[in-house]
Number of protein chains: 2
Amino acid sequence: MTFTHVVTFTWTGDAADDPAVVDGIAESLRRWIADADLPGLRSWSCGRDAGLTGNNADFAVVAVFDDVDAYAVYRDDPEHRRIIDEQIAHRVGQRTAVQFAG
Amino acid sequence: MTFTHVVTFTWTGDAADDPAVVDGIAESLRRWIADADLPGLRSWSCGRDAGLTGNNADFAVVAVFDDVDAYAVYRDDPEHRRIIDEQIAHRVGQRTAVQFAG
C-alpha cells in the first residue's frame, strides 16, 4: 500500500498576478526533488491549473511514497521547508491538503 | 507529458458523521474504475485523509491520464456522473480541484 500526498493552492499577491513567480516556485520544487535524497518517493509532479473550469484552485502538487515514513522525510526535508518559507508561505491564499493510504 | 487531476473534499451531513458513508463512496468509485473503459487512464487512487494534521480536507482522488482528452472522457463518463449525483454532490462541504499538465 503506497501513501499519497496531494496539496492544492490558490495564490495571492505577486503569485496571483505574475506567472513567472509561480514558474519560479515550480522550478525550485522540481530542482529540489531532482537533487534530494528522498528514499521511498515513487513519483512527484506539480503544475499550474489548466483552466478547464473556473472554480479550480491555481496549483497542485502530487507525491506518492512507499509509506507514511517516506512522506514524513519529504515533508520535513530542510530544503523543502526553505522553499516553503521563502517562496510559498506568504503567497498562499488557500491551501488544501490530504494524505491518504493508497 | 501526462495530465493529472486532483480533487479534495470535506464532507458534511452523514458523510461527516459516519465512516461507512465515505467507505461506500470510495467503493463505488473503485468499482467504477475497475469496470469502466477509460482509455488513457494511467493511474487512479482515492482515500480518506490519514489524520496527520488537523487542517486537512477529508478525502482526495488523484488520477493521471495520457492527456487532457482522456481526462475529459473520465470526467464525463455517465457512471462517474451517476456516482457524483447520487452519492457525492449533496455531501460535499468544500471541493477543491486542480488539473495540470504533468
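User: Hi! How many salt bridges does the rule find across the interface of chain B and chain A?
Analyst: Zero, taking a salt bridge as a side-chain nitrogen of Lys or Arg within 4 Å of a carboxyl oxygen of Asp or Glu. Keep in mind that this is a predicted model, where local features need pLDDT of at least 70 and side-chain atom pairs count only at pLDDT 80 or more, while totals for chains, interfaces and linings use all residues. Residues are numbered from 1 along each chain as its sequence is written, and side-chain values use heavy atoms, leaving out hydrogens and water.
User: OK, and how much area do chain B and chain A bury between them?
Analyst: About 1900 Å², with 65% of it on carbon and sulfur atoms. Buried area here is the accessible area (1.4 Å probe) that two parts lose on being put together, summed over both.
User: How many residues does the contact take from each chain?
Analyst: Chain B gives 28 residues and chain A gives 27, with contact meaning heavy atoms within 4.5 Å.
User: Switching topic: how many aromatic pairs are there over all chains?
Analyst: A search of the whole structure finds 16. Rings of Phe, Tyr and Trp (its six-membered ring) pair if their centres lie within 6.5 Å; planes under 30 degrees apart are stacked, over 60 edge-to-face, and the rest tilted.
User: Why is the pair of Phe9(B) and Trp11(B) stacked?
Analyst: Their ring centres are 5.3 Å apart and the planes sit at 5°, so the pair counts as stacked.
User: Are those two buried or exposed?
Analyst: Phe9(B) and Trp11(B) are both buried, meaning under 20% relative accessible area (exposed is over 50%, partly exposed in between; 1.4 Å probe, protein chains only).
User: Which residues form an aromatic cluster in chain A?
Analyst: Phe3(A), Trp32(A), Phe65(A), Tyr71(A) and Tyr74(A) form one together.

Definitions and conventions:
Chains lettered and ligands numbered in written order.
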